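Colleague: I have not looked at this one before, so could you walk me through it slowly?

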2 protein chains.
Amino acid sequence: MISVEEALKIILENTQDFGVEEVPFLESVGRVLKEDIVADRDFPPFNRVAMDGIAVNHRYFEHGVCDFKIEGIQPAGSPQETMENAANCYEVMTGAVLPENTDTVIRYEDITINSLIATVNLDEVVKGKNIHVKGSDRLQGDILIPKDKLISPAEIGVIASVGKSTVKVAKMPKVIVVSTGDELVEVNETPEAHQIRRSNAFTIVSLLEKLDIKAETSHITDDKEQLKEKIAEYLKDYDALLFSGAVSKGKFDFLPEVLEELGVEKQFHRVSQRPGKPFWYGQQNGKSVFAFPGNPVSTYVNCLVYFYPWYAKSTGIRLPKETAILGEDVSFKSDLTYFMQVKLDVKFGHLVATPIKGNGSGDLVSLADADGFIQLSKEQKEFKKGETYPFIRYRN
Amino acid sequence: MISVEEALKIILENTQDFGVEEVPFLESVGRVLKEDIVADRDFPPFNRVAMDGIAVNHRYFEHGVCDFKIEGIQPAGSPQETMENAANCYEVMTGAVLPENTDTVIRYEDITINSLIATVNLDEVVKGKNIHVKGSDRLQGDILIPKDKLISPAEIGVIASVGKSTVKVAKMPKVIVVSTGDELVEVNETPEAHQIRRSNAFTIVSLLEKLDIKAETSHITDDKEQLKEKIAEYLKDYDALLFSGAVSKGKFDFLPEVLEELGVEKQFHRVSQRPGKPFWYGQQNGKSVFAFPGNPVSTYVNCLVYFYPWYAKSTGIRLPKETAILGEDVSFKSDLTYFMQVKLDVKFGHLVATPIKGNGSGDLVSLADADGFIQLSKEQKEFKKGETYPFIRYRN
């Protein structure tokens with residue numbers, strides 16, 4: 001049995017490169033950028049008027065001139081005008097190019113206009129005021145967004161503004177989520193007394209969807225031949241296989257045996273953690289097989305703790321590492337890393353994690369009551385209120 | 001000019017009910033649950049074996065019996081067996097029903113099996129061990145997830161397990177995002193020297209997509225008649241209209257005038273904040289019109305600060321209110337609420353917000369460098385490192 005840290009290390013040595021594809025920029029949110037986004041021109045691309053008002057020549061104001069004849073108007077979206085008489089002014093609109101021969105913008109709020117004469121009602125005006133100077137944000141050729149960034153709405157505007165109607169992103173892995181277990185019936189079926197409905201596979205699919213991965217699902221009964229036949233197919237068609245169930249010590253837990261018979265090289269089986277201990281992980285020709293134990297909380301924890309970082313490293317992003325402050329004393333005597341379900345509260349900028357009372361790894365409903373897991377080290381038995389531990393968030 | 005707090009209060013008095021619809025459960029992540037999810041049976045629905053091993057009658061062990069004849073096997077997914085001879089044991093698999101006439105499960109790890117006799121290698125066994133007792137998590141009829149919860153992957157498993165293949169969720173508002181401004185060209189066009197590409201509308205669309213709202217977009221030139229004609233249509237077809245631009249004091253900022261001519265009742269125009277001051281908000285027959293100023297950072301802040309809470313209250317969810325700790329002293333002398341762009345770090349469970357150097361409301365690229373905004377009150381001028389302020393997160 002290996003530790004959580006060792007297990008994660010092995011998994012991160014077995015990441016994959018899924019390649020790069022080009023997608024319409026509006027569909028790229030949640031994807032990993034695989035090219036630098038470069039300024040195709042200066043930002044802003046011209047001396048941009050930043051307030052509605054008039055543009056003047058500051059030296060006239062300096063010399064005590066307060067009245068300026070309005071020579072013309074410069075709307076946003078029009079080619080740059082030239083002010084012929086340097087003593088005049090130009091009406092200018094936010095977003096417009098600053099007219100040639102002017103250097104300062106005074107807001108409508110600070111002037112009075114009477115029969116084409118603008119009178120400035122200020123004692124002082126700073127030269128260059130209310131102008132967003134060409135290239136002052138970024139210069140042509142600057143990298144605006146470096147590759148390997150996870151694209152959010154904030155990046156979308158930048159990508160649009162440099163004219164990238166399509167953008168290079170990391171390809172998504174082809175993933176299949178396979179449930180096993182003869183006790184399972186479909187969601188729309190009514191279970192017999194000894195049966196329950198399938199749920200883990202759907203939980204995993206939803207967790208993957210948060211990463212923008214569209215996974216497929218399948219169910220295989222606890223039959224060795226069936227397992228072998230189907231998994232052989234999946235190994236051809238998918239980059240990663242995620243299983244839920246059939247990895248414990250039960251008589252019908254054929255999965256590790258079948259996987260090894262199919263040539264999937266076991267990297268480890270069983271990790272010193274609770275929940276999620278019987279986790280099996282192997283790989284074949286660079287493809288990864290994550291065989292999670294079938295209890296709902298075990299499956300959930302393991303998907304977050306192992307698959308998420310594997311995906312992040314494979315695509316080149318850094319997922320945020322969070323920590324939270326324990327809200328209560330906790331005692332955990334076992335020689336295992338404990339992933340404890342917690343509610344999260346933000347109090348005065350502090351992330352406070354309070355244990356919720358779940359009934360162990362089989363207690364599916366407790367997942368809906370919690371916001372994440374606190375990772376409590378197996379080297380320690382007592383965990384005190386106020387101490388900080390790694391936090392695995394699954395809900396905002 | 002009203003305050004941020006007053007503006008938000010007015011907007012939250014003008015929320016809408018979009019109604020309820022039923023969707024396939026796997027498509028419900030990110031939606032707002034509009035029915036209680038109730039346990040259709042006990043959780044677990046039977047005394048569930050929690051470990052692979054043997055099931056025995058504890059009183060025999062109490063009387064010093066260590067060897068148990070294996071009478072049969074109870075796999076997961078099979079109807080409950082009955083152990084005929086109470087002195088025997090049954091092999092049982094995780095997820096199986098506990099056989100009638102047994103009350104304790106002993107793990108394979110703690111026994112030795114020799115020619116159908118299982119020998120228990122423990123001095124002590126707790127009665128009822130390794131059994132997940134019927135109804136111990138939840139009872140039939142219990143509310144597992146209350147309505148008005150935002151559905152995450154954790155809820156999907158619970159919804160599946162009670163057999164809800166479709167689930168009632170809040171309907172999404174029909175939203176259109178309209179950009180204005182003659183200086184704008186499409187993303188795939190090459191702008192002239194005085195033009196820039198459209199970007200704000202796409203940023204807003206992406207921000208709405210984070211709420212699972214699929215918005216449409218449109219662009220209208222700065223022409224009063226065109227504006228009037230198109231907006232009249234949109235007011236018929238959409239629940240909410242979001243504009244970017246044309247609300248300042250410019251000569252071609254027709255929007256407030258046009259909206260009022262079309263019978264949209266102005267609730268306010270201009271909010272004492274930076275950026276985003278010229279924000280106009282109105283409503284007509286319960287429909288909301290958010291007219292944001294056209295600068296990229298202004299549009300972004302206002303969408304997060306006003307539209308997000310409006311949507312949340314309309315659908316019945318509580319969006320998390322976060323706070324963060326200022327990482328540096330900040331001085332802001334203006335009489336406005338300051339939404340300052342910050343990078344966020346989690347250090348020992350503390351959310352630390354460090355100002356980034358943006359060039360003001362027109363600096364689109366700065367959005368890609370930041371993680372959110374800190375809201376600094378207009379009642380204060382000096383903000384000290386270590387103090388806590390409201391934090392508006394836009395990236396995880």
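Colleague: Which domains does the assignment give for chain A?

Modeller: The assignment gives domain 1 (4-18 + 172-315), domain 2 (21-43 + 145-170), domain 3 (48-132) and domain 4 (322-393) in chain A; domain bounds of this kind come from an automatic or database domain assignment. Please keep in mind that this is a predicted model, in which local features need pLDDT of at least 70, side-chain atom pairs count only at pLDDT 80 or more, and totals for chains, interfaces and linings use all residues. Residues are numbered from 1 along each chain as its sequence is written, while chains are lettered from A and ligands numbered from 1 in the order in which they are written.

Colleague: What separates the centres of domain 3 and domain 4 of chain A?

Modeller: Taken over C-alpha atoms, the centres of domain 3 of chain A and domain 4 of chain A are 61 Å apart.

Colleague: How many residues of chain B are in contact with chain A?

Modeller: On the chain B side there are 88 residues, in contact with 87 residues of chain A, where a contact needs C-beta atoms, placed from the backbone, that lie within 7 Å. Several elements of chain B supply at least two residues each to that side, among them strand E11 (143-145), helix H4 (200-209) and strand E25 (350-355). Helices here are DSSP runs (H or I, at least four residues), as are strands (E, at least two), and both are numbered from the N terminus.

Colleague: Which element gives the most?

Modeller: That is H3(B), with 8 residues on the side of chain B that touches chain A. By class, the residues of that side are 41 nonpolar, 30 polar and 17 charged; Ala, Val, Leu, Ile, Met, Phe, Trp, Tyr, Cys and Pro count as nonpolar, Asp, Glu, Lys and Arg as charged, and the others, Gly among them, as polar.

Colleague: What turn lays chain B on chain A?

Modeller: A turn of 180° with a shift of 0.0 Å along the axis does it, with an RMSD of 0.0 Å. The two copies are therefore related as by a two-fold rotation axis. B:His350 has the C-alpha nearest the axis in chain B, 2.3 Å from it, and 99% of the contact residues of chain B recur in chain A, so that the same surface serves both copies. The superposition is by least squares on the C-alpha atoms of residues with pLDDT of at least 70 in both.

Colleague: Changing topic, what is the strand order in the sheet that holds E5 of chain B?

Modeller: The order is E7-E4-E6-E5-E9-E8 (chain B), an open sheet of 6 strands with mixed pairing, and two strands pair if DSSP finds at least two bridges between them. Strand E7 (104-107) and E8 of chain B are the edge strands, each pairing on one side only.

Colleague: And how do the strands around E9 run?

Modeller: Strand E5 (residues 67-74) of chain B runs antiparallel to strand E9 (residues 117-120) of chain B, with 3 bridges, and B:Lys69 stands opposite B:Ile117. Strand E8 (residues 111-114) of chain B is also antiparallel to E9(B), over 4 bridges, with B:Thr112 opposite B:Thr119. The hairpin of E8(B) and E9(B) has 2 residues between the strands, and B:Ser115 takes a positive phi near 35° there. By contrast, E5(B) and strand E6 (residues 89-92) of chain B pair in the parallel sense over 4 bridges, where B:Ile73 has B:Glu91 as its bridge partner.

Colleague: What about the sheet with E13 in chain B, what is its order?

Modeller: It is an open sheet of 6 strands in the order E16-E13-E17-E21-E20-E18 (chain B), with mixed pairing. Strand E16 (216-220) and strand E18 (265-269) of chain B each have a single partner strand, so one side of each is left without a neighbour in the sheet. Strand E13 (residues 175-180) of chain B runs parallel to strand E17 (residues 240-244) of chain B over 5 bridges, and B:Ile176 has B:Leu241 as its bridge partner.

Colleague: Last one: which residues of H1 in chain B meet H7?

Modeller: B:Ala7, B:Leu8, B:Ile11 and B:Leu12 in H1(B) meet B:Tyr306, B:Pro309, B:Trp310 and B:Lys313 in H7(B). By class, this contact has 7 nonpolar, no polar and 1 charged residues.

How values were computed:
Contact = placed C-beta atoms within 7 Å.
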